[in-house]
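Let's walk through this structure together, one region at a time. Keep the 3D view open beside the text as you read.

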Amino acid sequence: MPKHPLRRIVVMLIGSVLLIVAGCSHSSNKGENQQDVPSPQVVQKKEPLVFRITWKTYSGRGEAIRKIVQAYNEQSTSKYEITLADGDEDRDTIEALLDHKTPDHADLYVLPYRYIQYFGEQGKLLNITSDFKQEQDLFYEELWNLSVLNNQVYGIPWLSHSMGLIYNQDLLEKSGVDPTEINSLERLVLALEKVERSTTAKGIGLVGANHHDITWMVNQFIYGFNSSLVNADGSKVMINNKKSKSALEFYKDVLGQHAQGSWTTDTGIEVMDYFRKGKVAFEIQSIWGVTDIWKNGNPFKVGVIPLKNVGLKAEIGPMMVALPAQIDEQKKEAGIQFMKYLISVEGQEKVLDGEYSVEHDTYYPFRIPVRKDLVHSRLFETNPLFLPFLEGLNDPSIDVPTPRWEIVKKDLYEEGLHQVMTNELTIDEFLREMETKGNDILLEP
C-alpha cells in the first residue's frame, strides 16, 4: 500500500478544480468575444502562368499592365497566378519561343496583329475558335478579322491604336485656319499653304525614311485613293494601278512640298519632335501624339481630325493576346479565363487608365479600347479629344493585310517606298517591281 494516500487525493482534487476554473475562464472569454480565435491558414502557392508582353515590364506600359494582372490575380480562383515577362516584337525571337527552342518560353503572348495570321498559318498558335464564339460581336469587324485565318481564330484583340490628323491649334488660329472646314485633301492643302504664309512653320510632318513607319503612313493614302495592296484572299499583289500612282504622287509631290526639309530621311519619331517644337502644324499620329504634347508642358493646344474627313483611311495597330500551340490543357483553360478578363468591360477600362508618369505624377492613355460598347466609357467622357481615333477602326488601312505581306513589307516595300521619295525609283518603276517581286514572294511555298 502506497504511503500518504490522503496527500494524493488532495493533489487530485486541486488539479480538478484548476481545470474547471480554466474551462470557465475560456467559456467566459468566448462569450465576450463571440468567436474562437481562428487557427492560422496555410496559403497554397500558385503556379505561374507567364504572360509575355511587347514592352519591358518595368516601363510605364509594363507597369500599367502589371496593375491589370494584379487585379485579375486578386479575384481569380485558378491554381495559376499570371506573371509578367519582358517582350518585344522581334519575329525570329517570338518564333523560337513558340517552338520552345528557348527555356524562357511563355504561356500567353501579346502579339502585333500582323503575327497572328502569320504564326497561325504555321500551326504555332492555338486555334481558340470554340472558346470565343460569343465574343465576336463585341469588336469592330475589321479588328476581329485580323485574328482569323481560314475561319479559325488564333488571337483576341486586346488594345489598339488608329491614326488621326493632329494639329497645333495655336498655329491654325494665327493662320486663320478653321479645322472644322478641313473636310477634303484639297482643303487640307489650302490650310497648309495658309500656315506657311502666316508663320515660320511648315504645313505637315511626313515620313520618308527606309523604316517601318513609311509603309503604314503611305498605305493610308493608297487605301484612301481606293487602291489596295493585295486581292481579297491575299494571293496576288494589286498595288500596281493608276489609283496607287495618284496616291503616291499626292504624298510625294503635293504634301512633300509642305513637309519638313528632312522628311525623306525622317521616321515618325522625328515627325513628333518637329510637331512638339511647333515646326510643323499637322502630323498624322495616334493617341500618343496628343499625350506627347501634354507630357511636355502643353506648349500649345492640340486638336484631332478623323482621317476619313479628308478622304484617307486610318492605319490601325491592334495588339492581340494568343496562346501557343504547345500548351497543356490546364494552362490553356487558365489562359482562356485570363483572356476573357482582359476583354471584359472591367479589364478594358483598366487599360484606359493608361501609364503612369513619375515626372508629371499623372496617367496618360497610350492605346484605345477594342470593344465597340466602350465608346461611352469614362475615357471618352473625360477626353472627347480621343473620339476621332475611334472612327478609324470602322474602315481602316491595314499595313499587313495577309501573312506573307510581312515578308514583302520588310524585304521589298519599305526600301522601295523610300527610294521613290528620294527619286531613286520612279513611281511607275516601283509599282511594277512591287507587282513582279511581290508576287514571287506571295507564291513562295
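The paragraphs below go from the pockets to a sheet, and then to a helix and a single side chain.

Before we begin, please keep in mind that this is a predicted model. A good place to start is the largest pocket, which holds about 700 Å³ of space. To find it in your viewer, select E89, H161, H212, D213 and W216, the residues nearest its centre among the 29 that line it. Several helices contribute to this lining: α4 (113–121), α8 (212–224), α10 (268–276) and α16 (405–421) each give at least two residues. What is the chemical make-up of the lining of the largest pocket, in terms of nonpolar, polar and charged residues? Eleven of its residues are nonpolar, eight are polar and ten are charged.

Now move on to the second largest pocket, with a volume of about 400 Å³. Here 19 residues form the lining, and Q117, L146, A232, P401 and T402 are the closest to the centre. Two elements, α5 (141–145) and β4 (148–149), each provide two or more of the lining residues. This lining divides into eleven nonpolar, six polar and two charged residues.

Next comes a sheet. Strands of a sheet pair through backbone hydrogen bonds, and the pairing can be parallel or antiparallel. In this model, four strands make an open sheet in the order β8-β9-β7-β10, and their pairing is mixed. Because β8 (202–204) and β10 (302–306) each have a single partner strand, they stand at the edges, and one side of each is left without a neighbour in the sheet. On average, neighbouring strands here are turned by 25° against each other, with direction ignored.

Look now at the pair formed by β7 (residues 164–168) and β9 (residues 280–285): these strands run antiparallel and are joined by four bridges. For a concrete example, find I166, whose bridge partner in β9 is E283.

What lies across β7, β9 and β10? It is helix α10, which runs at about 145° to β9. You have already met α10 as one of the helices that supply at least two residues to the lining of the largest pocket.

Our last stop is D292, found in helix α11 (residues 287–295). Is D292 buried or exposed? Its relative accessibility is 13%, so D292 counts as buried, the cut-off for buried being under 20%. Leaving aside residues up to four places away in sequence, D292 touches M272 and R276.

Conventions
Residues numbered from 1 in each chain as written. Predicted model: local features only at pLDDT ≥ 70, side-chain atom pairs only at ≥ 80, totals over all residues. Heavy atoms only, no water. 1 Å grid on protein atoms, 1.4 Å probe; cavity = no way out; pocket = protein on both sides within 12 Å on 5 of 7 lines; lining within 4 Å. Points joined across faces, edges and corners; volume = space filled by probe spheres on them. Nonpolar A, V, L, I, M, F, W, Y, C, P; charged D, E, K, R; others polar. Pairing = 2+ DSSP bridges. Axes fitted to C-alpha atoms, helices over the stretch in contact; angles between N-to-C directions. Contact = heavy atoms within 4.5 Å. Buried < 20%, exposed > 50% of the residue type's maximum accessible area, 1.4 Å probe, protein only.
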